[in-house]
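The exercises below are meant for a reader who meets this structure for the first time. Each one sets a task and then works through the solution step by step.

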There are 2 protein chains.
Amino acid sequence: MDGTTQTDSGKTAALIARYGTDAVPAAGPWNAAIAGMLDHRSVRGYRPDALPPGTLETLLAAAQSAATSSNLQTWSVVVVEDPAKRAVLAEIAGNQKHILQCPLFLVFLADVSRNERLGIAAGHPLEGLPYLETFLVASIDAAMAAQNAVVAAETLGLGTVYIGALRNDVVRVAQTLGLPPGAVGVFGLCIGYALPGAESEVKPRLSQAAILHHDTYDASEEPAHRAAYDALLGAYSRRNEMSADTWTQRVVSRNGTVKALRGRDLLKSALRTLGFPLK
Amino acid sequence: MDGTTQTDSGKTAALIARYGTDAVPAAGPWNAAIAGMLDHRSVRGYRPDALPPGTLETLLAAAQSAATSSNLQTWSVVVVEDPAKRAVLAEIAGNQKHILQCPLFLVFLADVSRNERLGIAAGHPLEGLPYLETFLVASIDAAMAAQNAVVAAETLGLGTVYIGALRNDVVRVAQTLGLPPGAVGVFGLCIGYALPGAESEVKPRLSQAAILHHDTYDASEEPAHRAAYDALLGAYSRRNEMSADTWTQRVVSRNGTVKALRGRDLLKSALRTLGFPLK
(Lines give C-alpha, C1' and ligand atoms only; values in the text may rest on other atoms or scores of the structure.)
Protein backbone atom coordinates (compact mmCIF):
# COMPACT_ATOMS: atom_id res chain seq x y z
CA MET A 1 0.00 0.00 0.00
CA ASP A 2 1.13 3.55 -0.59
CA GLY A 3 -0.49 6.77 0.48
CA THR A 4 -1.21 8.07 -2.98
CA THR A 5 -4.57 6.45 -3.73
CA GLN A 6 -7.09 8.99 -2.61
CA THR A 7 -10.80 8.62 -2.87
CA ASP A 8 -11.77 12.01 -1.56
CA SER A 9 -15.48 11.35 -1.34
CA GLY A 10 -14.93 8.11 0.56
CA LYS A 11 -12.49 9.85 2.85
CA THR A 12 -14.90 12.64 3.66
CA ALA A 13 -17.72 10.16 4.25
CA ALA A 14 -15.54 8.09 6.58
CA LEU A 15 -14.58 11.16 8.59
CA ILE A 16 -18.18 12.39 8.77
CA ALA A 17 -19.23 8.99 10.14
CA ARG A 18 -16.38 8.85 12.66
CA TYR A 19 -16.93 12.38 13.97
CA GLY A 20 -20.70 12.53 13.48
CA THR A 21 -20.53 15.96 11.90
CA ASP A 22 -19.63 17.68 8.63
CA ALA A 23 -16.96 19.66 10.51
CA VAL A 24 -14.33 16.97 9.94
CA PRO A 25 -10.60 17.20 10.60
CA ALA A 26 -8.38 18.23 7.68
CA ALA A 27 -7.02 14.73 7.17
CA GLY A 28 -4.26 14.27 4.61
CA PRO A 29 -2.87 11.03 3.20
CA TRP A 30 -5.43 8.26 2.87
CA ASN A 31 -5.72 4.68 1.67
CA ALA A 32 -7.97 1.65 1.87
CA ALA A 33 -6.36 0.33 5.05
CA ILE A 34 -6.98 3.60 6.86
CA ALA A 35 -10.52 3.74 5.52
CA GLY A 36 -11.05 0.27 6.96
CA MET A 37 -9.79 1.37 10.36
CA LEU A 38 -12.16 4.32 10.41
CA ASP A 39 -15.03 1.97 9.64
CA HIS A 40 -14.50 0.02 12.88
CA ARG A 41 -17.55 -0.76 14.96
CA SER A 42 -18.18 -3.24 17.75
CA VAL A 43 -20.06 -6.41 16.85
CA ARG A 44 -22.22 -7.96 19.56
CA GLY A 45 -23.94 -10.72 17.54
CA TYR A 46 -22.23 -13.50 15.59
CA ARG A 47 -23.13 -16.13 13.05
CA PRO A 48 -22.07 -19.62 14.12
CA ASP A 49 -19.95 -20.09 10.99
CA ALA A 50 -16.46 -21.39 11.64
CA LEU A 51 -13.52 -19.27 10.56
CA PRO A 52 -11.23 -20.39 7.72
CA PRO A 53 -8.45 -22.73 8.87
CA GLY A 54 -5.43 -20.84 10.13
CA THR A 55 -7.32 -17.67 11.03
CA LEU A 56 -6.19 -17.82 14.66
CA GLU A 57 -2.58 -18.25 13.57
CA THR A 58 -2.83 -15.33 11.14
CA LEU A 59 -4.31 -13.04 13.78
CA LEU A 60 -1.75 -14.12 16.35
CA ALA A 61 1.11 -13.42 13.92
CA ALA A 62 -0.29 -9.91 13.46
CA ALA A 63 -0.64 -9.53 17.22
CA GLN A 64 2.93 -10.62 17.88
CA SER A 65 4.15 -8.16 15.25
CA ALA A 66 3.09 -5.21 17.42
CA ALA A 67 5.82 -3.48 19.40
CA THR A 68 6.60 -4.92 22.82
CA SER A 69 8.54 -2.98 25.43
CA SER A 70 12.20 -4.11 25.44
CA ASN A 71 11.00 -7.27 23.65
CA LEU A 72 9.86 -8.59 27.04
CA GLN A 73 6.68 -10.07 25.46
CA THR A 74 4.88 -10.12 28.79
CA TRP A 75 1.52 -11.12 27.38
CA SER A 76 -0.17 -14.36 26.42
CA VAL A 77 -3.48 -15.50 24.96
CA VAL A 78 -5.92 -18.20 25.95
CA VAL A 79 -8.29 -19.37 23.22
CA VAL A 80 -11.42 -20.58 24.97
CA GLU A 81 -13.39 -23.31 23.22
CA ASP A 82 -14.82 -25.28 26.16
CA PRO A 83 -18.52 -24.28 26.34
CA ALA A 84 -18.53 -24.61 30.12
CA LYS A 85 -15.65 -22.16 30.43
CA ARG A 86 -17.26 -19.81 27.95
CA ALA A 87 -20.38 -19.88 30.10
CA VAL A 88 -18.45 -18.91 33.22
CA LEU A 89 -16.70 -16.08 31.39
CA ALA A 90 -19.98 -14.83 29.94
CA GLU A 91 -21.51 -14.81 33.40
CA ILE A 92 -18.57 -12.86 34.82
CA ALA A 93 -19.01 -10.36 32.02
CA GLY A 94 -22.66 -9.69 32.86
CA ASN A 95 -24.17 -12.33 30.56
CA GLN A 96 -22.86 -11.03 27.27
CA LYS A 97 -24.31 -13.67 24.93
CA HIS A 98 -21.81 -12.99 22.14
CA ILE A 99 -19.13 -14.63 24.31
CA LEU A 100 -21.04 -17.90 23.87
CA GLN A 101 -21.86 -17.21 20.24
CA CYS A 102 -18.62 -16.13 18.57
CA PRO A 103 -16.55 -18.82 16.80
CA LEU A 104 -13.30 -17.48 18.28
CA PHE A 105 -12.99 -16.13 21.81
CA LEU A 106 -9.62 -14.99 23.12
CA VAL A 107 -8.59 -13.87 26.59
CA PHE A 108 -5.55 -11.61 26.54
CA LEU A 109 -3.31 -11.96 29.57
CA ALA A 110 -0.88 -9.56 31.16
CA ASP A 111 1.63 -12.31 31.87
CA VAL A 112 4.85 -11.82 33.80
CA SER A 113 4.87 -15.45 34.89
CA ARG A 114 6.75 -16.61 31.79
CA ASN A 115 9.61 -14.24 32.49
CA GLU A 116 9.50 -15.16 36.17
CA ARG A 117 10.03 -18.80 35.19
CA LEU A 118 12.83 -17.68 32.85
CA GLY A 119 14.58 -15.82 35.67
CA ILE A 120 14.34 -18.78 38.00
CA ALA A 121 15.64 -21.13 35.31
CA ALA A 122 18.53 -18.74 34.64
CA GLY A 123 19.36 -18.46 38.34
CA HIS A 124 18.50 -14.73 38.30
CA PRO A 125 15.11 -14.15 39.91
CA LEU A 126 13.77 -10.90 38.43
CA GLU A 127 13.58 -8.10 41.00
CA GLY A 128 11.69 -5.86 38.57
CA LEU A 129 8.60 -8.04 38.25
CA PRO A 130 6.60 -7.03 41.34
CA TYR A 131 6.37 -3.37 40.28
CA LEU A 132 3.34 -1.48 38.96
CA GLU A 133 5.50 -0.52 35.96
CA THR A 134 5.90 -4.15 34.94
CA PHE A 135 2.16 -4.83 35.19
CA LEU A 136 1.47 -1.66 33.20
CA VAL A 137 3.93 -2.67 30.47
CA ALA A 138 2.30 -6.09 30.28
CA SER A 139 -1.18 -4.58 29.97
CA ILE A 140 -0.12 -2.02 27.36
CA ASP A 141 1.70 -4.67 25.32
CA ALA A 142 -1.34 -6.94 25.48
CA ALA A 143 -3.50 -4.05 24.28
CA MET A 144 -1.22 -3.24 21.33
CA ALA A 145 -1.06 -6.89 20.34
CA ALA A 146 -4.83 -7.29 20.58
CA GLN A 147 -5.41 -4.16 18.52
CA ASN A 148 -3.24 -5.56 15.74
CA ALA A 149 -5.37 -8.71 15.85
CA VAL A 150 -8.52 -6.59 15.61
CA VAL A 151 -7.26 -4.59 12.65
CA ALA A 152 -6.14 -7.78 10.92
CA ALA A 153 -9.49 -9.47 11.60
CA GLU A 154 -11.40 -6.56 10.13
CA THR A 155 -9.34 -6.68 6.92
CA LEU A 156 -10.56 -10.29 6.64
CA GLY A 157 -14.19 -9.25 6.91
CA LEU A 158 -14.53 -10.34 10.52
CA GLY A 159 -16.19 -8.44 13.35
CA THR A 160 -14.85 -8.05 16.87
CA VAL A 161 -15.72 -6.74 20.29
CA TYR A 162 -13.52 -6.35 23.34
CA ILE A 163 -14.79 -7.71 26.65
CA GLY A 164 -13.41 -5.48 29.40
CA ALA A 165 -16.03 -6.87 31.75
CA LEU A 166 -13.82 -9.91 32.39
CA ARG A 167 -12.21 -7.56 34.91
CA ASN A 168 -15.42 -7.72 36.96
CA ASP A 169 -13.81 -10.79 38.57
CA VAL A 170 -10.24 -11.45 37.45
CA VAL A 171 -9.73 -14.06 40.17
CA ARG A 172 -12.56 -16.21 38.85
CA VAL A 173 -11.28 -15.78 35.30
CA ALA A 174 -7.84 -16.96 36.46
CA GLN A 175 -9.35 -19.99 38.21
CA THR A 176 -11.41 -20.86 35.14
CA LEU A 177 -8.39 -20.77 32.84
CA GLY A 178 -5.88 -22.26 35.28
CA LEU A 179 -3.62 -19.23 35.22
CA PRO A 180 -0.39 -19.32 37.22
CA PRO A 181 0.54 -16.50 39.61
CA GLY A 182 1.69 -13.49 37.60
CA ALA A 183 -0.89 -13.91 34.83
CA VAL A 184 -4.24 -12.09 34.65
CA GLY A 185 -6.90 -11.73 31.99
CA VAL A 186 -7.00 -8.04 31.15
CA PHE A 187 -9.76 -8.29 28.53
CA GLY A 188 -11.45 -10.73 26.19
CA LEU A 189 -12.00 -10.48 22.45
CA CYS A 190 -14.86 -11.96 20.43
CA ILE A 191 -14.11 -12.60 16.74
CA GLY A 192 -16.43 -13.86 14.01
CA TYR A 193 -18.84 -12.99 11.22
CA ALA A 194 -21.41 -10.43 12.26
CA LEU A 195 -25.04 -11.46 12.32
CA PRO A 196 -27.07 -9.37 9.87
CA GLY A 197 -27.93 -6.17 11.70
CA ALA A 198 -25.41 -6.77 14.49
CA GLU A 199 -22.91 -4.31 13.11
CA SER A 200 -23.77 -1.10 14.85
CA GLU A 201 -23.43 2.27 13.19
CA VAL A 202 -19.93 3.76 13.44
CA LYS A 203 -19.89 5.51 16.81
CA PRO A 204 -18.81 9.14 16.64
CA ARG A 205 -15.90 10.24 18.78
CA LEU A 206 -14.94 13.50 20.43
CA SER A 207 -13.55 16.06 18.00
CA GLN A 208 -9.80 15.97 17.48
CA ALA A 209 -9.59 19.42 19.04
CA ALA A 210 -10.99 17.96 22.28
CA ILE A 211 -8.24 15.36 22.67
CA LEU A 212 -5.23 16.93 20.91
CA HIS A 213 -2.92 19.43 22.59
CA HIS A 214 0.01 21.35 21.13
CA ASP A 215 3.11 21.45 23.33
CA THR A 216 1.02 22.36 26.39
CA TYR A 217 -2.23 20.86 27.65
CA ASP A 218 -5.04 23.35 27.05
CA ALA A 219 -8.63 22.53 28.02
CA SER A 220 -9.96 26.07 27.63
CA GLU A 221 -12.26 25.18 24.71
CA GLU A 222 -13.37 21.91 26.24
CA PRO A 223 -16.86 22.93 27.39
CA ALA A 224 -17.77 23.86 23.81
CA HIS A 225 -16.36 20.58 22.44
CA ARG A 226 -18.27 18.64 25.07
CA ALA A 227 -21.55 20.43 24.38
CA ALA A 228 -21.23 19.70 20.67
CA TYR A 229 -20.42 16.05 21.31
CA ASP A 230 -23.25 15.68 23.79
CA ALA A 231 -25.68 16.80 21.13
CA LEU A 232 -24.42 14.48 18.43
CA LEU A 233 -24.07 11.46 20.71
CA GLY A 234 -27.60 12.08 21.95
CA ALA A 235 -28.72 11.89 18.33
CA TYR A 236 -26.69 8.68 17.84
CA SER A 237 -28.36 7.18 20.90
CA ARG A 238 -31.81 8.00 19.55
CA ARG A 239 -30.98 6.42 16.19
CA ASN A 240 -29.35 3.28 17.59
CA GLU A 241 -30.23 2.57 21.17
CA MET A 242 -33.75 3.79 21.80
CA SER A 243 -32.48 6.20 24.43
CA ALA A 244 -31.42 9.80 24.21
CA ASP A 245 -28.38 9.73 26.44
CA THR A 246 -25.79 12.38 25.92
CA TRP A 247 -22.11 11.58 26.36
CA THR A 248 -22.16 13.35 29.71
CA GLN A 249 -25.00 11.10 30.88
CA ARG A 250 -23.12 7.99 29.70
CA VAL A 251 -19.90 8.93 31.44
CA VAL A 252 -21.73 9.78 34.65
CA SER A 253 -23.59 6.45 34.54
CA ARG A 254 -20.38 4.46 33.92
CA ASN A 255 -18.01 6.23 36.29
CA GLY A 256 -20.24 8.20 38.60
CA THR A 257 -20.51 5.64 41.38
CA VAL A 258 -18.35 2.89 42.81
CA LYS A 259 -21.22 0.47 42.23
CA ALA A 260 -21.06 1.16 38.50
CA LEU A 261 -17.55 -0.34 38.46
CA ARG A 262 -19.26 -3.74 38.99
CA GLY A 263 -16.56 -5.23 41.15
CA ARG A 264 -13.65 -3.62 39.41
CA ASP A 265 -13.21 -1.32 42.41
CA LEU A 266 -11.59 -4.42 43.95
CA LEU A 267 -9.13 -4.88 41.09
CA LYS A 268 -6.09 -3.89 43.12
CA SER A 269 -6.62 -6.48 45.83
CA ALA A 270 -7.59 -9.06 43.19
CA LEU A 271 -4.32 -8.42 41.38
CA ARG A 272 -2.41 -8.93 44.62
CA THR A 273 -4.17 -12.28 44.97
CA LEU A 274 -3.01 -13.17 41.45
CA GLY A 275 0.65 -12.39 42.13
CA PHE A 276 0.87 -8.71 41.18
CA PRO A 277 1.97 -6.80 44.29
CA LEU A 278 2.07 -3.56 42.24
CA LYS A 279 4.94 -2.15 44.24
CA MET B 1 -9.57 -5.53 1.10
CA ASP B 2 -10.78 -9.08 1.21
CA GLY B 3 -8.99 -12.15 2.47
CA THR B 4 -8.83 -13.96 -0.81
CA THR B 5 -5.66 -12.53 -2.32
CA GLN B 6 -2.95 -14.88 -1.24
CA THR B 7 0.68 -14.59 -2.14
CA ASP B 8 1.89 -17.77 -0.52
CA SER B 9 5.58 -17.11 -1.02
CA GLY B 10 5.31 -13.64 0.47
CA LYS B 11 3.28 -15.04 3.33
CA THR B 12 5.82 -17.70 4.13
CA ALA B 13 8.66 -15.18 3.91
CA ALA B 14 6.86 -12.79 6.26
CA LEU B 15 6.26 -15.55 8.79
CA ILE B 16 9.87 -16.77 8.58
CA ALA B 17 11.07 -13.23 9.27
CA ARG B 18 8.66 -12.72 12.16
CA TYR B 19 9.44 -16.01 13.84
CA GLY B 20 13.08 -16.28 12.80
CA THR B 21 12.70 -19.90 11.76
CA ASP B 22 11.33 -22.04 8.95
CA ALA B 23 9.02 -23.70 11.48
CA VAL B 24 6.31 -21.10 10.97
CA PRO B 25 2.73 -21.20 12.23
CA ALA B 26 0.08 -22.59 9.89
CA ALA B 27 -1.39 -19.20 9.11
CA GLY B 28 -4.51 -19.08 6.99
CA PRO B 29 -6.15 -16.05 5.38
CA TRP B 30 -3.71 -13.38 4.28
CA ASN B 31 -3.66 -10.01 2.56
CA ALA B 32 -1.43 -7.00 1.95
CA ALA B 33 -2.55 -5.22 5.13
CA ILE B 34 -1.61 -8.21 7.27
CA ALA B 35 1.69 -8.59 5.41
CA GLY B 36 2.39 -4.95 6.24
CA MET B 37 1.70 -5.55 9.92
CA LEU B 38 4.09 -8.50 10.01
CA ASP B 39 6.76 -6.31 8.47
CA HIS B 40 6.75 -3.92 11.44
CA ARG B 41 10.08 -2.90 12.89
CA SER B 42 11.10 -0.03 15.16
CA VAL B 43 12.78 2.96 13.54
CA ARG B 44 15.33 4.86 15.60
CA GLY B 45 16.70 7.27 12.99
CA TYR B 46 14.62 9.77 10.97
CA ARG B 47 15.09 12.01 7.96
CA PRO B 48 14.19 15.64 8.71
CA ASP B 49 11.59 15.69 5.90
CA ALA B 50 8.23 17.09 6.92
CA LEU B 51 5.18 14.87 6.63
CA PRO B 52 2.45 15.59 4.07
CA PRO B 53 -0.12 18.12 5.29
CA GLY B 54 -2.90 16.46 7.28
CA THR B 55 -0.85 13.43 8.30
CA LEU B 56 -1.38 14.10 12.00
CA GLU B 57 -5.13 14.42 11.44
CA THR B 58 -5.24 11.18 9.45
CA LEU B 59 -3.33 9.27 12.11
CA LEU B 60 -5.46 10.72 14.88
CA ALA B 61 -8.66 9.72 13.06
CA ALA B 62 -7.32 6.16 12.88
CA ALA B 63 -6.37 6.30 16.56
CA GLN B 64 -9.80 7.53 17.61
CA SER B 65 -11.39 4.72 15.60
CA ALA B 66 -9.98 2.10 17.96
CA ALA B 67 -12.34 0.71 20.57
CA THR B 68 -12.58 2.63 23.83
CA SER B 69 -14.05 1.09 26.96
CA SER B 70 -17.66 2.24 27.40
CA ASN B 71 -16.82 5.10 25.02
CA LEU B 72 -15.17 6.88 27.97
CA GLN B 73 -12.31 8.08 25.72
CA THR B 74 -9.98 8.57 28.66
CA TRP B 75 -6.89 9.33 26.62
CA SER B 76 -5.42 12.39 24.96
CA VAL B 77 -2.41 13.27 22.83
CA VAL B 78 0.13 16.06 23.03
CA VAL B 79 2.02 16.82 19.84
CA VAL B 80 5.39 18.22 20.88
CA GLU B 81 7.02 20.65 18.47
CA ASP B 82 8.88 23.00 20.83
CA PRO B 83 12.57 21.99 20.57
CA ALA B 84 13.18 22.85 24.21
CA LYS B 85 10.42 20.50 25.31
CA ARG B 86 11.64 17.80 22.94
CA ALA B 87 15.07 18.15 24.55
CA VAL B 88 13.64 17.65 28.04
CA LEU B 89 11.67 14.61 26.92
CA ALA B 90 14.70 13.12 25.17
CA GLU B 91 16.75 13.58 28.31
CA ILE B 92 14.09 11.88 30.44
CA ALA B 93 14.12 9.00 27.97
CA GLY B 94 17.87 8.42 28.30
CA ASN B 95 18.97 10.71 25.45
CA GLN B 96 17.16 8.97 22.62
CA LYS B 97 18.17 11.25 19.74
CA HIS B 98 15.28 10.19 17.50
CA ILE B 99 12.96 12.15 19.81
CA LEU B 100 14.72 15.31 18.63
CA GLN B 101 14.96 14.10 15.04
CA CYS B 102 11.53 12.84 14.08
CA PRO B 103 9.18 15.25 12.32
CA LEU B 104 6.21 14.19 14.46
CA PHE B 105 6.48 13.35 18.15
CA LEU B 106 3.38 12.45 20.13
CA VAL B 107 2.92 11.85 23.84
CA PHE B 108 -0.06 9.62 24.59
CA LEU B 109 -1.79 10.42 27.86
CA ALA B 110 -3.90 8.30 30.13
CA ASP B 111 -6.31 11.13 30.85
CA VAL B 112 -9.18 10.96 33.31
CA SER B 113 -9.06 14.70 33.88
CA ARG B 114 -11.42 15.45 30.98
CA ASN B 115 -14.11 13.24 32.45
CA GLU B 116 -13.42 14.66 35.90
CA ARG B 117 -14.15 18.13 34.52
CA LEU B 118 -17.26 16.73 32.84
CA GLY B 119 -18.52 15.31 36.13
CA ILE B 120 -17.94 18.56 37.95
CA ALA B 121 -19.68 20.52 35.19
CA ALA B 122 -22.62 18.10 35.34
CA GLY B 123 -22.86 18.35 39.12
CA HIS B 124 -21.96 14.64 39.48
CA PRO B 125 -18.35 14.25 40.60
CA LEU B 126 -17.24 10.82 39.40
CA GLU B 127 -16.61 8.40 42.26
CA GLY B 128 -15.09 5.82 39.90
CA LEU B 129 -12.12 7.90 38.80
CA PRO B 130 -9.64 7.30 41.65
CA TYR B 131 -9.54 3.53 41.08
CA LEU B 132 -6.75 1.44 39.56
CA GLU B 133 -9.36 0.09 37.12
CA THR B 134 -9.94 3.54 35.67
CA PHE B 135 -6.23 4.21 35.24
CA LEU B 136 -5.83 0.79 33.62
CA VAL B 137 -8.69 1.42 31.20
CA ALA B 138 -7.17 4.77 30.28
CA SER B 139 -3.77 3.19 29.64
CA ILE B 140 -5.19 0.31 27.61
CA ASP B 141 -7.34 2.64 25.54
CA ALA B 142 -4.33 4.90 24.89
CA ALA B 143 -2.36 1.84 23.77
CA MET B 144 -5.07 0.64 21.38
CA ALA B 145 -5.42 4.12 19.91
CA ALA B 146 -1.68 4.49 19.49
CA GLN B 147 -1.40 1.12 17.83
CA ASN B 148 -3.99 2.14 15.26
CA ALA B 149 -1.91 5.25 14.58
CA VAL B 150 1.19 3.08 14.15
CA VAL B 151 -0.51 0.70 11.72
CA ALA B 152 -1.92 3.63 9.76
CA ALA B 153 1.48 5.36 9.66
CA GLU B 154 3.16 2.25 8.33
CA THR B 155 0.61 1.93 5.51
CA LEU B 156 1.74 5.45 4.53
CA GLY B 157 5.38 4.41 4.37
CA LEU B 158 6.28 6.02 7.69
CA GLY B 159 8.37 4.51 10.45
CA THR B 160 7.63 4.65 14.16
CA VAL B 161 9.04 3.80 17.55
CA TYR B 162 7.35 3.88 20.93
CA ILE B 163 9.13 5.67 23.77
CA GLY B 164 8.23 3.86 26.99
CA ALA B 165 11.18 5.54 28.68
CA LEU B 166 9.05 8.66 29.23
CA ARG B 167 7.88 6.73 32.28
CA ASN B 168 11.38 7.12 33.74
CA ASP B 169 10.01 10.41 35.14
CA VAL B 170 6.30 10.94 34.52
CA VAL B 171 6.20 13.91 36.90
CA ARG B 172 8.75 15.83 34.86
CA VAL B 173 6.92 14.92 31.65
CA ALA B 174 3.72 16.29 33.18
CA GLN B 175 5.45 19.52 34.22
CA THR B 176 6.98 19.91 30.78
CA LEU B 177 3.64 19.54 29.01
CA GLY B 178 1.54 21.39 31.58
CA LEU B 179 -0.67 18.40 32.32
CA PRO B 180 -3.54 18.81 34.78
CA PRO B 181 -4.04 16.36 37.67
CA GLY B 182 -5.47 13.13 36.31
CA ALA B 183 -3.36 13.11 33.14
CA VAL B 184 -0.06 11.24 32.68
CA GLY B 185 2.13 10.50 29.69
CA VAL B 186 2.15 6.71 29.38
CA PHE B 187 4.46 6.58 26.34
CA GLY B 188 5.72 8.65 23.45
CA LEU B 189 5.67 7.87 19.73
CA CYS B 190 8.16 9.01 17.08
CA ILE B 191 6.82 9.14 13.51
CA GLY B 192 8.67 9.98 10.31
CA TYR B 193 10.60 8.68 7.32
CA ALA B 194 13.34 6.27 8.26
CA LEU B 195 16.93 7.26 7.61
CA PRO B 196 18.58 4.83 5.19
CA GLY B 197 19.76 1.92 7.28
CA ALA B 198 17.71 2.93 10.32
CA GLU B 199 15.05 0.33 9.71
CA SER B 200 16.19 -2.62 11.75
CA GLU B 201 15.62 -6.18 10.64
CA VAL B 202 12.22 -7.60 11.66
CA LYS B 203 12.74 -8.86 15.20
CA PRO B 204 11.71 -12.45 15.72
CA ARG B 205 9.17 -13.23 18.42
CA LEU B 206 8.53 -16.21 20.64
CA SER B 207 6.79 -19.07 18.86
CA GLN B 208 3.02 -19.02 18.91
CA ALA B 209 3.08 -22.21 20.96
CA ALA B 210 4.96 -20.32 23.70
CA ILE B 211 2.28 -17.67 24.16
CA LEU B 212 -0.95 -19.43 23.14
CA HIS B 213 -2.94 -21.64 25.49
CA HIS B 214 -6.04 -23.73 24.81
CA ASP B 215 -8.74 -23.48 27.47
CA THR B 216 -6.18 -23.97 30.25
CA TYR B 217 -2.80 -22.34 30.76
CA ASP B 218 -0.09 -24.92 30.08
CA ALA B 219 3.60 -24.02 30.34
CA SER B 220 4.90 -27.59 30.24
CA GLU B 221 6.68 -27.15 26.90
CA GLU B 222 7.99 -23.71 27.76
CA PRO B 223 11.64 -24.60 28.47
CA ALA B 224 11.98 -26.01 24.94
CA HIS B 225 10.34 -22.96 23.37
CA ARG B 226 12.62 -20.69 25.37
CA ALA B 227 15.77 -22.58 24.41
CA ALA B 228 14.86 -22.38 20.74
CA TYR B 229 14.10 -18.66 20.99
CA ASP B 230 17.30 -17.99 22.92
CA ALA B 231 19.28 -19.49 20.07
CA LEU B 232 17.58 -17.55 17.31
CA LEU B 233 17.56 -14.25 19.18
CA GLY B 234 21.26 -14.73 19.91
CA ALA B 235 21.78 -15.04 16.16
CA TYR B 236 19.67 -11.93 15.56
CA SER B 237 21.78 -10.02 18.09
CA ARG B 238 24.98 -11.07 16.33
CA ARG B 239 23.63 -9.96 12.95
CA ASN B 240 22.20 -6.64 14.15
CA GLU B 241 23.61 -5.47 17.41
CA MET B 242 27.21 -6.58 17.67
CA SER B 243 26.39 -8.62 20.75
CA ALA B 244 25.36 -12.20 21.20
CA ASP B 245 22.71 -11.77 23.86
CA THR B 246 20.10 -14.44 24.12
CA TRP B 247 16.53 -13.55 25.03
CA THR B 248 17.11 -14.82 28.53
CA GLN B 249 20.07 -12.46 28.91
CA ARG B 250 18.00 -9.53 27.63
CA VAL B 251 15.11 -10.18 29.97
CA VAL B 252 17.44 -10.59 32.94
CA SER B 253 19.23 -7.33 32.07
CA ARG B 254 15.93 -5.42 31.70
CA ASN B 255 14.01 -6.82 34.63
CA GLY B 256 16.60 -8.46 36.83
CA THR B 257 17.26 -5.53 39.14
CA VAL B 258 15.33 -2.59 40.48
CA LYS B 259 18.03 -0.29 39.13
CA ALA B 260 17.29 -1.51 35.59
CA LEU B 261 13.80 0.01 35.91
CA ARG B 262 15.54 3.42 35.68
CA GLY B 263 13.22 5.24 38.02
CA ARG B 264 10.07 3.42 37.00
CA ASP B 265 10.13 1.58 40.31
CA LEU B 266 8.75 4.90 41.64
CA LEU B 267 5.86 4.97 39.18
CA LYS B 268 3.20 4.29 41.79
CA SER B 269 4.12 7.24 43.98
CA ALA B 270 4.63 9.42 40.89
CA LEU B 271 1.10 8.55 39.73
CA ARG B 272 -0.26 9.55 43.13
CA THR B 273 1.49 12.89 42.73
CA LEU B 274 -0.22 13.30 39.35
CA GLY B 275 -3.71 12.66 40.69
CA PHE B 276 -4.04 8.88 40.32
CA PRO B 277 -4.60 7.44 43.81
CA LEU B 278 -5.00 3.93 42.27
CA LYS B 279 -7.50 2.86 44.89
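Two strands are said to pair if DSSP finds at least two bridges between them, while strands (E, at least two residues) and helices (H or I, at least four residues) are DSSP runs numbered from the N terminus. The model is predicted, so that local features need pLDDT of at least 70 and side-chain atom pairs count only at pLDDT 80 or more, whereas totals for chains, interfaces and linings use all residues. Residues are numbered from 1 along each chain as its sequence is written, chains are lettered from A and ligands numbered from 1 in the order in which they are written, and side-chain values use heavy atoms, with hydrogens and water left out.

**Exercise 1.** Find how β5(A) is joined to strand β1 of chain B, and place β5(A) in its sheet.

*Solution.* Begin with the pairing: β5(A) and strand β1 (residues 75-79) of chain B run parallel and are joined by three bridges. Within this pairing, A:L212 has B:V77 as its bridge partner. Next, follow the open sheet of five strands, whose order is β5(A)-β1(B)-β2(B)-β4(B)-β3(B) and whose pairing is mixed. Finally, look at the edges: β5 (212-214) of chain A and β3 (159-163) of chain B each have a single partner strand, so one side of each is left without a neighbour in the sheet.

**Exercise 2.** Work out which strand of chain B pairs with strand β1 of chain A, and which residues stand opposite each other.

*Solution.* Strand β1 (residues 75-79) of chain A pairs in the parallel sense, over three bridges, with strand β5 (residues 212-214) of chain B. Opposite A:V78 stands B:H213, and opposite A:V79 stands B:H214. The open sheet that contains this pair has the order β3(A)-β4(A)-β2(A)-β1(A)-β5(B).

**Exercise 3.** Describe the interface between chain A and chain B by its contacts, its area and its salt bridges.

*Solution.* Start with contact (heavy atoms within 4.5 Å), by which 124 residues of chain A touch 124 residues of chain B. Then take the buried area, which is the accessible area (1.4 Å probe) that two parts lose on being put together, summed over both; here it is about 10600 Å², with carbon and sulfur atoms giving 62%. Of the area that chain A buries against chain B, A:I211, A:D215 and A:Y217 supply 8%, more than any other three residues. Last, count the salt bridges (a side-chain nitrogen of Lys or Arg within 4 Å of a carboxyl oxygen of Asp or Glu), of which there are six between the chains. In the one formed by A:E222 and B:R117, the closest N and O atoms are 2.6 Å apart.
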